[in-house]
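Biologist: Got a minute to go through this one with me? I'd like to start with the backbone and then look at a side chain.

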Amino acid sequence: MSVRGNPAAASAAAGDEGGETAEELLARVAGMVPAAVDAATTAAGFPGRWKAIAAKLRTLPDRLSDLSSHPCFTRNALCRELLQSVAATLADAAELAARPPGAGKLQMQSAIDALGARLDVNIRDCTLLVRTGVLSDASTPPPAAAKTDVRELLARLQIGHGEAKGRAVDGLLDALNKDEKSVLSALGRASVAALVQLLTAPAPAVREKAATVVCQLADSGNCEALLVSEGAVAPLLRLAESGSSLAAREKAVLTLHRLSACPDAARAIAGHGGARPLVEICQTGDSVSQAAAAGALKNLSAVPEALRALADEGIVRVMVGLLDHGTVLGSKEHAADCLENLTSASDGFRLAVASDGGLRSLLLHLDAPSPRESAVRALGNIVCAVAPDTLVSLGALPRLAHVLRAGSTGAQQAAASAVCKIAGSGERDMKRLLGEHGCVPPLVRMLDAKSAGAREAAAQALASLAAHPANAREARRDDRSVPSLVQLLDPAPANSAKKYAIACLLALSSAKRCKKQMISHGAIGYLKKLTDMEVAGAGDLLQRLEDRGGLRSIFSNG
């Protein structure tokens, strides 16, 4: 299992156990303990070190007794390998204690320390096999369909020296690639803890393999909370920042991205100082690492506790840079999402995005054939922090009209909200300019959207724009405007667009043709109910439509 990292050497040092039963091997190992203790207590030189070795050796009989009492003792390969390792350690202890005192002091001191470390591992493994259930897990027959005994592989992660654990990680990687479901079903807290410990193993190759396994576990969607609770965040950050290979760094950042989707994990990453290395990777990493780091920062930006750390690391400048120059589309998308989160968080971030080139970058991002919703929302969050003249000069208005025409439902809703904010900025010319850039027709079409939120945003924006006569005329010319607005008068509590629909219809009601349409589509019935509910404007609109002289005039001219 692990004698100086070489099981063959262990077997040779302990003698030929090939024909021994487990009980015979246990008896031989138990018989070696007294001799090893005597040798340690009589060894020349380094009395303090040898006294500590002797104390550890004296604990072995109880550990071996516990091991032999386990019901799985005789049928488990791990027990035999552990006994072979203990036998080799005892043989080396006796040999080392018998060396003459003339040997080199530094070399001898190092050898005694190494012997103590091996004893510690042997004692720990005996305890682990008995008390943690590893022995039972590894002894349980695997399902008939399993080609690899996953339980034994997981047990081997927890016992022995680094090289043996590295071989167990190799086997586990192979098992994951062949049958991930079987591995996940057998995985327990102790196995995850062992994998997390291997992220800091002395051997770079073992760290890289452990990072690969941990990344696959995180991607499975079943182990995120367990990885975080077992302390994976700190070693993953160290690997991401200074891993010895590109593969190890990439796997670490990909895992952090996946874990950070959980708010608790995002807080843990921020609490371990993760903002700084992730920001640095966004600026210097390869395309895979850059996109993953940007994704992790996006997730951190959704957690209030992480915002201060992100601000300290200049997150706005970095995300604006990614939006402009990200090496892959994923980086740009994560940057837009992050800016949306930041601009939703505080006035400070909104001002920072507006003043650090974020407005121009977001507007350029809206030129895509199908603009990303988060970029539109981020723009909507900052328009109130930008002078109207600046919005006009940078081309914000035609881009918003483009989103209203070509964007997804979510992007259109965000654009409608932005249009409403700009129209309500107090600058009357902004209403006119928004109308001249073609915002009214797509807003009218949005009144029939499947999404209630989109319908409400469209009605609210249209109500604001219709306050300008030219925009009201534009809305009247569209035959769909009045019927769609009347449908939005539905008094149901779930319909939050009704007050905006009333405002729009009031703006259109100066035209007799529009009044006639309102009445013919049932507006009066809706308005009576809304008047009883004291919805603002419902009584005024109802009075206009019920004016008797007006009604006769409307239908006589119809």
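Modeller: Sure, one term up front: buried means under 20% relative accessible area, exposed over 50%, and partly exposed in between (1.4 Å probe, protein chains only). This is a predicted model, where local features need pLDDT of at least 70, side-chain atom pairs count only at pLDDT 80 or more, and totals for chains, interfaces and linings use all residues. Residues are numbered from 1 along each chain as its sequence is written, and side-chain values use heavy atoms, leaving out hydrogens and water.

Biologist: OK, what's the phi of F46?

Modeller: It's positive, about 50 degrees, although F46 is not a glycine. F46 sits in the loop between α2 (22-42) and α3 (47-58); helices here are DSSP runs of H or I, at least four residues, numbered from the N terminus.

Biologist: And is F46 buried, exposed or partly exposed?

Modeller: Partly exposed, with a relative accessible area of 23%.

Biologist: Where is E534?

Modeller: In the loop between α34 (523-532) and α35 (538-546). Its phi is positive too, near 60 degrees, and E534 isn't a glycine. E534 is exposed, at 72% relative accessibility.

Biologist: Switching to R476, which side chain does it make a polar contact with?

Modeller: With the side chain of S510, at 2.8 Å; a polar contact is an N or O pair within 3.5 Å, where one atom must be able to donate a hydrogen and the other to accept it. R476 belongs to helix α30 (residues 469-477).

Key:
Helix = DSSP H or I, 4+ residues; strand = E, 2+ residues; numbered from the N terminus.
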